[in-house]
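Visitor: I am new to this structure and would like a close look at a single part of it. Please take your time over the nonpolar patch on the surface.

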Amino acid sequence: MRLTQGTFSFLPDFTDEDIRLQAQYAIDKGWAVSVEWTDDPHPRNTYWEMWGHPMFDNPDAAAVVFEVNECRKEHGAKYIRVIAFDASPGWESIRMSFIVNRPKEEPGFRLVRQEGEGRSVRYTIQSYSADRPEGARYA
Amino acid sequence: MTETAEETAPRPETVDLARAFEESGTREVLRELDEEMIGLAPVKSRIRETAALLLVDQARRQMGLATETPTLHMSFTGNPGTGKTTVALKMASLLHRLGYVRKGHLVTVTRDDLVGQYIGHTAPKTKEVLKKAMGGVLFIDEAYYLYRPENERDYGQEAIEILLQVMENNRDDLVVILAGYADRMDRFFESNPGFRSRIAHHIEFPDYTDGELLQISEIMLAEQNYAFAPEARAAMADYIGLRRHQPHFANARSIRNALDRARLRQANRLFAEAKGPLDAEELSTITETDLRASRVFRGGLGTDRARVAQAAE
């Protein structure tokens, strides 16, 4: 099951040139771009691990592609995303986020039902890969 | 969409170099260089040659005759204050107009910005700087300090290795300019052959002549809305002649410092002497006395120290 989170996730995987152009768009808007990775793809897992510092004063997106590739060397079998943070007053939040690297096998999510009081049922989802311990989830 | 349009567009059969010269704005940059920089004839001609080479190369690529990005890394050698940083700025804007770097900004660094203080500190620090310079020009001032042969555990070596790797692999992303004194740069290149082979353009900056320095001093003053009194101009010429033979002479930078001190003395003089209101001309004129009061006319820095030492004894 292909993970769809953030922007562009229904499109085919981005090439480095696509990543560069999108990151350059964010930089030109004045947003700080940074690279993050995780092996816990749950949609509520907002805080991924940071790969280096956010690039607050890099005028060119070649640096982002460089860092994505550095991150791929270390975490090539996990999820990597590029996020763009808008620091301007009133926003102070992520304006754009897109996945640039994903594991070969994406086992997807299982639906978990919990019996509540009476006959009510609570639903939640759980990633199959998250059963294994951190660091051993993807080949 | 634009990419596919470019791919399918037929290759031009002829190339109008003169038009490319106009349209890219190269003429503009070269004109600025000619007007704003005094002297430096060999540097200017080298830059013009480089610009021509790059224009031709661009044309060749349009016609499909060349595909590789040429090596653009440079070394600027010359004494202090000969305009290396200023020319590097112009170079960055030239490369930007010709489309060889995407952004055309200049990042100026020295050893301190690249080399860390403990194990494992250097690599991230150097990479950070390189990332900042991507899409532009990285100007490494006094580059020979990176290499310290007397200390084999020096972290400079690590910075050099990363630098060489990026200079080779990310040639499309950034241009590196190494700068420093001629003799020490030569020794640096001898002990780091990797650098020499990766640098295509070696540009030497000659010292300014006395006449050029005088011209520079007038331009510097005019930029700050000051001017020499007629006798002060002659005093400045004397000053340049004397200063050149004293230690720590740094061409245009020495001139800038001399003018800063002259302005200080002028302010003092106005304060001490002015009885009534001052007009704009009085406020912006550097007179002979402001210049003649300099230590340089009394034998330079050394004499004052000697006198103080004598008095102390």
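Guide: What follows looks at the patch, then turns to the other chain.

This is a predicted model, in which local features need pLDDT of at least 70, side-chain atom pairs count only at pLDDT 80 or more, and totals for chains, interfaces and linings use all residues. Side-chain values use heavy atoms, with hydrogens and water left out.

The patch is formed by A:Leu111, A:Val121, A:Tyr123 and A:Ile125, which together have about 350 Å² of accessible area (Shrake-Rupley method, 1.4 Å probe, only the protein chains shown counting as cover for residues). Such a patch joins nonpolar side chains (Val, Leu, Ile, Met, Phe, Trp, Tyr) within 5 Å, from residues with over 30% relative accessible area and no salt bridge, that is, no side-chain nitrogen of Lys or Arg within 4 Å of a carboxyl oxygen of Asp or Glu. Its largest share, three residues, comes from strand β6 of chain A, residues 121–127 (strands are DSSP runs of E, at least two residues, and helices runs of H or I, at least four, numbered from the N terminus). A:Val121 lies in that strand, and A:Val121 counts as partly exposed because its relative accessibility is 32%, between buried, under 20%, and exposed, over 50%.

Turning to chain B, there are 16 helices and seven strands, and the C-alpha trace spans about 80 × 50 × 30 Å along its principal axes. Of the 313 residues in chain B, 42% are buried, while the accessible surface of chain B comes to about 17,000 Å², with 51% belonging to carbon and sulfur atoms.

Notes
Residues numbered from 1 in each chain as written. Chains lettered and ligands numbered in written order. Buried < 20%, exposed > 50% of the residue type's maximum accessible area, 1.4 Å probe, protein only. Patch = residues over 30% accessible without salt bridge, like charges linked within 9 Å, V, L, I, M, F, W, Y side chains within 5 Å.
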